[in-house]
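Thanks for coming. I will take one chain today, beginning with a strand pairing and then going through the helix packing.

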Amino acid sequence: MEQHSSGRRSVPGAQAVARAAALLRLVSSSPDGATLQSLARDAGLSRSTAHRLLTALRVEGLVDQDAATARWMPGPELYLMGTVAAARYDITELSRDIVRSLAVKTEESAFLSTRRADETVCLMREEGSFPIRSFVLSEGVRFPLGVASAGLAILAFLPDHDVDAYLERHPELVERWGAAHGEGPLRRRLRETKAHGYSVNPGLIVEGSWGMAAAVFDREGRPEWALSITGVEFRFAPDRLPQLGRTLLSHAHQLSSRIAGARR
């Protein structure tokens, strides 16, 4: 069944734009490309509508289709637009050495994610030296706030009324991500995150793959990014968690301070 929104229908063409934007987000979050079937399903569209929109986006260079696999991938025009937008929104240059340092000191894969509305989007990945790795997260992958460790760290430091509003907007979290993402368990993890300063995701997305994160704040003190690490479960033993948490917090504080001191 296709998704509809009375708010979008009030503006001519807004529904088509919203559908195309949803497809672009899904394509850009699939490193190996995405099939028409998966894109239509995840966007809540019929296959024919999804194909029509993707074909129009391909004509404009915003997506491309691999001739061998028929998978849809980001197009060259999307890259050009992104490089222009990066001058205003990108903080990767400010954070690259910090993410690398986090990977070196923890030996785990380290990431920078940004908040985008009710989701987090991974911007950067730096591999750790430990040979066994988790591949839940990579550049472009999105998760709802409160699901992955980065989004949990960000959500925990939003005002209480924003957390309440977020939970009201997303009753589907349990159905999509499991009972551990119900309001009660999620609020408990948010309280623990605020108490410790960092979040812990004990394999709730993929069994055996753990994550930890600390929020990064903008000049006004809003949690807009997060630094995180992921790895296999035995690397996150109880006696090691506090040390990893301190390392995360020190790097997150360094990045927050750097952002605050950057030229406006």
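Start at R115, which stands opposite T120 in β4. R115 belongs to strand β3, residues 109–116. Before I go on, a word on what you are looking at. This is a predicted model, in which local features need pLDDT of at least 70 and side-chain atom pairs count only at pLDDT 80 or more, while totals for chains, interfaces and linings use all residues. Residues are numbered from 1 along each chain as its sequence is written, and side-chain values use heavy atoms, with hydrogens and water left out.

The chain has eleven helices and eight strands; helices (H or I, at least four residues) and strands (E, at least two) are DSSP runs, numbered from the N terminus. Of the 264 residues, 45% count as buried, where buried is under 20% relative accessible area, exposed is over 50%, and partly exposed lies in between, with a 1.4 Å probe and protein chains only. Among contacts with a separation of 6 or more, 54% come from residues 24 or more positions apart; a contact here means heavy atoms within 4.5 Å.

Back to β3. Which strands does β3 join? Strand β4, residues 119–126, is antiparallel to β3 and linked to it by seven bridges. Strand β8, residues 223–232, also runs antiparallel to β3, with six bridges. Two strands are taken to pair if DSSP finds at least two bridges between them. On the β8 side, F111 stands opposite S228. The strand is mostly covered, with six of the eight residues of β3 buried. As general background, in a regular strand the side chains alternate between the two faces of the sheet.

Now the two ends of β3. The hairpin of β3 and β4 has two residues between the strands, and A117 takes a positive phi there. The value is about 60°, although A117 is not a glycine. Ahead of the strand, E107 lies in the loop between α6 (92–106) and β3. E107 is not a glycine either, and has a positive phi of about 70°. Is E107 buried or partly exposed? Its relative accessibility is 34%, so E107 counts as partly exposed.

On to the helices. For the angles, axes are lines fitted to C-alpha atoms, for helices over the stretch in contact, and angles run from 0 to 180 degrees between N-to-C directions. Under 35 degrees counts as roughly parallel, over 145 as roughly antiparallel, 65 to 115 as roughly perpendicular, and the rest as oblique.

Helix α2 (residues 14–28) packs on α3 at about 125°, with the axes 10 Å apart, so the two are oblique. The contact takes in L23, L26 and V27 of α2 with L39, D42 and A43 of α3. Those residues divide into five nonpolar, no polar and one charged. For these classes, Ala, Val, Leu, Ile, Met, Phe, Trp, Tyr, Cys and Pro are nonpolar, Asp, Glu, Lys and Arg are charged, and the others, Gly among them, are polar.

Helix α3 (residues 36–43) then meets α4 (residues 47–59) at about 105°, axes 9 Å apart, which means they are roughly perpendicular. L36, Q37, L39 and A40 of α3 touch R47, A50, H51 and L54 of α4. The split is five nonpolar, two polar and one charged.

Last, α7 (residues 149–156) and α10 (residues 183–196) pack at about 75°, with axes 9 Å apart, and are therefore roughly perpendicular. From α7 come L152, A153, L155 and A156, and from α10 L186, R189, L190, T193 and K194. This contact has six nonpolar residues, one polar and two charged.
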